[in-house]
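Reader: I like to see how each label on a model is earned. Could you walk me through the reasoning?

Author: Gladly; let us set the values against the cut-offs.

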Amino acid sequence: MAETTGTPAAAPDLSVRLGPLRLANPVLVASGTFGYGEEYADFLDPGRLGAVIVKGISLLPRPGNPPPRLVETPAGMINAIGLENVGVDRFIDVKLPLLRQRRATVIVNIFGNTVDEYAGLASKLDGEDGVAALEINISCPNVKQGGMVFGTDPATAAAVVGAVRARTALPLITKLTPNVTRIGEIARAAVDAGTDAISCINTVAAMAVDIFSRRPKLANVFGGLSGPAVKPIALRCTYEVLQAVKCPVIGVGGIGTATDALEFMLLGARAVQVGTANFVNPGVSVEILEGIERFLRFQGLDRIEDFIGTLDTECLFPFAEDACGVLDLS
């Protein structure tokens, strides 16, 4: 369908800055939903994305939790993978070179059982060719040590971020859990300790049970809920964090369309991560990127920066979503 007048002559500028990190566009793929990038190479060019955030990496390889580890829900899924990964040495030797060949911007998600393990990972990855930034995972609810344990208290969150900051010059992004009472306090602690940006949110703690076997559907009993069901929670958390800190924020949670992504950026998120939707449609992240570009043209905007953070909380009516009837953002 033809778009409206006011379309810029040139393609809109989609580049965004996250502290010291500059990205060609704001669409990233979330850790744990895109493998190490090569798994999706038949469906899209990883180099087109703002960045690929790889599967969480630990110092040593991890087998993850025993199966069953995934349960579908009416509006998403619950996972308890348990951060299965190849370990940092194999990542550097085997996985990272493949991403370099594809000219992908790579952000490495790191996690540990102790503060020293986080620091050791940062030291190993510092200066590795092809690593653009680190995402500190203090938010995974599916492991019994580390992960979310560090992200539910401002002091422990700051201890992890501070230890990582001391061992690397790479830009740092701290990924927060929604499973806290005041997410803004955790964000402030991470910023004070040296993070350059915040990702929010990771999954929401959840469980599922089978009435016939009378057992939990996950071997781990608990897992993390993701997908469309968590988007309103993620929007709320993103808004709260944006009110609490001045650093760049990346919105994550239930993003499956360009409209979803633009909602987070309207709040002020400078980038978004696409997660569970990758499992439904492996090409969705590029479709979202193209949908954002169509939206900017429709609005007559030359830059994504001119849309980010323009939410008007004073005037609630009327809504203008009927405009979607003349603009396909799917």
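**Labels and their reasons**

Author: Met 207 lies in the loop between β11 (204-206) and β12 (209-210). A word of care before your questions: this is a predicted model.

Reader: Thanks. What makes Met 207 partly exposed?

Author: Its relative accessibility is 43%. Buried needs a value under 20% and exposed one over 50%, so Met 207, at 43%, counts as partly exposed.

Reader: Which residues form a nonpolar patch on the surface with Met 207?

Author: Val 209 and Phe 222 join Met 207 there, and together the three have about 300 Å² of accessible area. A patch takes residues with over 30% relative accessible area, and Met 207 has 43%.

Reader: On to the cysteines. How do you know that Cys 237 is in no disulfide?

Author: The count of disulfides in the model is zero. For Cys 237, the nearest cysteine sulfur belongs to Cys 200 and is 6.1 Å away. A disulfide needs the two sulfur atoms within 2.5 Å, so at 6.1 Å Cys 237 is in none.

Reader: And what about Cys 247: how far away is its nearest cysteine sulfur?

Author: That is again the sulfur of Cys 200, 9.5 Å away. The cut-off is 2.5 Å, so Cys 247 is in no disulfide either.

Reader: Why are Cys 237 and Cys 247 called buried?

Author: Cys 237 has 0% relative accessibility, and Cys 247 has 12%. Buried means under 20%, so the label fits Cys 237 and it fits Cys 247.

Reader: Now the charged pairs. Why is the pair of Lys 124 and Asp 89 called a salt bridge?

Author: Their closest N and O atoms are 2.6 Å apart. The rule asks for a side-chain nitrogen of Lys or Arg within 4 Å of a carboxyl oxygen of Asp or Glu, so this pair qualifies. The model has 13 salt bridges by this rule.

Reader: What makes you say that Lys 124 and Asp 89 link distant parts of the chain?

Author: Lys 124 is in helix α2 (residues 115-125) and Asp 89 in helix α1 (residues 88-101), 35 residues apart. Lys 124 is partly exposed at 38%, and Asp 89 is partly exposed at 40%.

Reader: How do you know that Arg 236 forms a salt bridge with Glu 240, and where do the two lie?

Author: Their closest N and O atoms are 3.5 Å apart, and the limit is 4 Å, so the pair counts. Both lie in helix α6 (residues 231-244), four residues apart, about one turn of the helix. Arg 236 is partly exposed at 37%, as is Glu 240 at 31%.

Reader: Which residues are linked in a network of salt bridges?

Author: Lys 231, Asp 260 and Glu 263 are linked in that way.

Reader: Last topic, the interior. Which residues have the most contacts inside the largest nonpolar core?

Author: They are Phe 91, Val 108, Leu 134, Ile 292 and Ile 304, in a core of 103 residues. Helix α9 (residues 284-299) gives the most to this core, with eight residues.

Reader: What is Ile 292 in contact with, leaving aside its neighbours within four places in sequence?

Author: Its partners are Leu 14, Val 27, Ala 258, Ala 261, Leu 262, Met 265 and Ile 304.

How values were computed: Residues are numbered from 1 along each chain as its sequence is written. This is a predicted model: local features need pLDDT of at least 70, side-chain atom pairs count only at pLDDT 80 or more; totals for chains, interfaces and linings use all residues. Side-chain values use heavy atoms; hydrogens and water are left out. Buried means under 20% relative accessible area, exposed over 50%, partly exposed in between (1.4 Å probe, protein chains only). Patches are made of residues with over 30% relative accessible area and no salt bridge: like charges are joined within 9 Å, nonpolar side chains (Val, Leu, Ile, Met, Phe, Trp, Tyr) within 5 Å. Accessible areas come from the Shrake-Rupley method with a 1.4 Å probe; for residues, only the protein chains shown count as cover. A nonpolar core is a set of buried Ala, Val, Leu, Ile, Met, Phe, Trp, Tyr and Cys residues joined through side-chain atoms within 4.5 Å. Contact means heavy atoms within 4.5 Å.
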